[in-house]
Amino acid sequence: MRPGTLRLPVLPPLSLYVHLPWCLRKCPYCDFNSHEFRAGGEAGELPEQRYIDALVADLETSLPLVWGRPVHSIFIGGGTPSLFSPQAIDRLLGDIRARLPLTPDCEITLEANPGTFEKDRFKAFRTAGVTRLSVGVQSFNDAHLSALGRVHDRAQALAAVEEAAQAFDTFNLDLMYALPGQTLAELDEDIHTALALGPPHISIYHLTIEPNTVFAKYPPAVPEDDLAYAMLDRLTELTGVAGLQRYEVSAFARPGHRCWHNLNYWQFGDYLGIGAGAHSKLSFAHRAVRQVRYREPLGYVDRALAGQAVTQDDEVARADLPFEFMLNALRLKEGFALQDFTARTGLPVTAIQAALEAAEGKGLIQRDFTHVRPTERGFDFLSDLQALFLPT
Ligand SMILES: C[S@@+](CC[C@H](N)C(=O)[O-])C[C@H]1O[C@@H](n2cnc3c(N)ncnc32)[C@H](O)[C@@H]1O
Ligand code: SF4
C-alpha cells in the first residue's frame, strides 16, 4: 500500500453495493445509471449470466483492496434488480459468499419494482438469501404514476407491498412527493394508503428535476416550494403518528428496522461498489480512495471480464474529508459522535472547530462535548449547514 497523509486508528465497517443497470422503461425523471432493455423487453433475455460473470470478475479484481474485512450489508440496486431471475440472484449471492466473509446478520437488500411478474418472485428472492426488499412504489395514485411514466398502477403497487409483507420480515417502500399536479389532499391519501400496509420502513423523496432527463427538457408543473414544505411537514407528522421515526432526511423506520446499509453510508463507512457505474469509497490505514466503474452496461461487462472495470480511482484529499463526512453524517437526525469524526476521517476535531462554532451560532446544530446534531432548522437548511464545512 502506498503511504498517505491520514492516520486511521481502525477501518470503518464495510458494505457491498451491486448495481444491476436494466429497466423495462426509462422513467422521465430518473438520472440513475439505468438503461431500457430493448431486445424484446423480456426479462428472460437479459444477459444475466454474462453480467454476473462480469460482476464476479470485478469482485475478484477488487478483493486485494478489502482482504479479510467482514461485509455487514449488501445492497443490490438499480436499475430494476427484480428483472433478474431468483436463480440469477441465488447464483450472485453464492458467488459473493464464496469470496467475501459476510457477517452472520448481514443485511441483504434487493430493489424491486411492483410489476406483476416481479411480485411473483418475491418469495424466491427470500429463499435465495435476500433479507430485505425495497419496493419502488413512488405513488398509489394512478394519474400520478402515469405522469411519472411508471409501468405499474395502484393495484399492482398494493399487491406488491402485500406480497413483500408476507415474504419478508423487513421491507421498505420508496415514495416520492411534490409530484406533477399533486395536492396536499392527494399526498395525504398516498401516505395513508402506504401506512395502512404497515411498512417497517419508508423512504420518501422530494421529486427532483435532474439535468439530462426528459423532465428537465419538458418540465412538468410541480408544486411550489411552500406547498412542498407543507407536504414534508405533513408526511413527517403522519409517519410519526404511525410509529415510524424520521431518522434521516428521507428515511422513516419503526424501531429495529433502520436500513443498516444506508446508515453505513451516512456514518461515513466504507463500501465497495461493483457493477456498471458503481461508486466505491474504501479506507486504508493512511488514505481513503474513491473509485467509479465504467458506466455503459455492455462496455462494463467487457472491461470487467478483462479485469479493468474501474475508470476513476482517486485518493480523497485530506482537505475534502470534513465536507464529505458532513454531506453524510448531517443527514442523520442523531448526527454524529465527535470521536467517530476522528475515527472515520483520521482528522482531529480541531479541523472542524471553526465550522462547528459558525453552525451553532446560526442555530443549525446542537452539540455537547461528545455529539453534534442538526437542529430542525439545520435539517430545513441542510445544504447551507453542510456548506460551512467546505474547504477554505
Ligand atoms: C435508483 S431508484 C431504483 C428503484 C426502482 N428502480 C424504482 O424506480 O422503483 C431508487 C429510488 O430513487 C427515487 N428517485 C429516483 N429518481 C428520483 C428523482 N428524480 N427525484 C426523487 N427521487 C428519485 C425513487 O423513489 C426510486 O424508488
Ligand atoms: S424504474 Fe427506477 S431505476 Fe429504472 S428508470 Fe425508473 S426510476 Fe430509474
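Which residues surround ligand 2? In this predicted model, the shell consists of Cys 23, Arg 25, Lys 26, Cys 27, Tyr 29, Cys 30, Ser 34, Gly 79, Thr 80, Asn 113 and Arg 150. Sorted by class, these residues comprise four nonpolar, four polar and three charged ones.

A second ligand site can be described alongside this one. Ligand 1 is surrounded by 17 residues, and the closest of them are Gly 79, Gln 138, Arg 150, Asp 174 and Thr 208. Gly 79 and Arg 150 also appear in the list of residues around ligand 2. The shell of ligand 1 divides into five nonpolar, eight polar and four charged residues. Three strands each contribute at least two residues to the shell of ligand 1, namely S6 (132–138), S7 (170–177) and S8 (201–206).

For readers who like to start from individual atom pairs, several polar contacts of ligand 1 can be listed. An oxygen atom of the ligand is found 2.7 Å from a polar atom in the side chain of Gln 138. The side chain of Asp 174 likewise places an N or O atom 2.7 Å from an oxygen atom of ligand 1. Tyr 29 takes part through its backbone, with an N or O atom 3.0 Å from a nitrogen atom of ligand 1. On its own, ligand 1 has 560 Å² of accessible area, of which the protein covers 91%.

Strand S7 also holds Asn 172. With a relative accessibility of 3%, Asn 172 falls under the 20% limit and therefore counts as buried. A polar atom of the Asn 172 side chain lies 3.1 Å from the backbone nitrogen of Ser 203.

The overall dimensions give a frame for these local details. The protein chain contains 16 helices and 17 strands, and 54% of its 392 residues are buried. Its C-alpha atoms fill a box of roughly 55 × 50 × 40 Å along the principal axes. The radius of gyration is 21 Å, which agrees with the value near 21 Å for a compact globule of 392 residues.

Among the strands, S4 (residues 71–78) is mostly covered, with seven of its eight residues buried. S4 is paired in the parallel sense with S1 (residues 14–20) over seven bridges, and also in the parallel sense with S5 (residues 102–112) over five. Val 71 takes part in both pairings: Leu 14 is its bridge partner from S1, while Leu 102 stands opposite it in S5.

Strand S13 (residues 287–293) has antiparallel partners instead. It pairs with S12 (residues 279–284) over six bridges and with S14 (residues 310–315) over five. S12 and S13 form a hairpin, with two residues between the strands. Specific partners can be named on each side: Ser 283 is matched with Ala 288 of S13, and Val 292 stands opposite Gln 312 in S14. Six of the seven residues of S13 are buried, so this strand is largely enclosed by the rest of the structure.

Following S14, the loop that leads to helix H12 (321–329) contains Asp 320. The relative accessible area of Asp 320 is 31%, so this residue is partly exposed, a class that spans the range between 20% and 50%. The C-alpha atom of Asp 320 is separated by 7.2 Å from that of Leu 390, although the two residues are 70 apart along the chain.

The last group of strands centres on S17 (residues 371–374). Strand S15 (residues 336–337) is joined to S17 by two bridges and runs antiparallel to it, with Phe 336 opposite Val 372. Strand S16 (residues 365–367) is also antiparallel to S17, here with three bridges, and Gln 366 stands opposite Arg 373. A hairpin through three residues connects S16 to S17.

How do the side chains of S17 divide between its faces, and which of them are buried? Val 372 and Pro 374 point to one face and are buried, whereas His 371 and Arg 373 point to the other and are not. Such a pattern is to be expected, because side chains in a regular strand alternate between the two faces of the sheet.

Notes:
Residues numbered from 1 in each chain as written. Chains lettered and ligands numbered in written order. Predicted model: local features only at pLDDT ≥ 70, side-chain atom pairs only at ≥ 80, totals over all residues. Heavy atoms only, no water. Buried < 20%, exposed > 50% of the residue type's maximum accessible area, 1.4 Å probe, protein only. Helix = DSSP H or I, 4+ residues; strand = E, 2+ residues; numbered from the N terminus. Pairing = 2+ DSSP bridges. Near = heavy atom within 4 Å. Polar contact = N/O pair within 3.5 Å; in protein donor to acceptor, adjacent residues only side chain to side chain. Areas by Shrake-Rupley, 256 points an atom, 1.4 Å probe, with all protein chains shown as cover. Nonpolar A, V, L, I, M, F, W, Y, C, P; charged D, E, K, R; others polar. Rg over C-alpha atoms; globule rule 2.2 N^0.38 Å.
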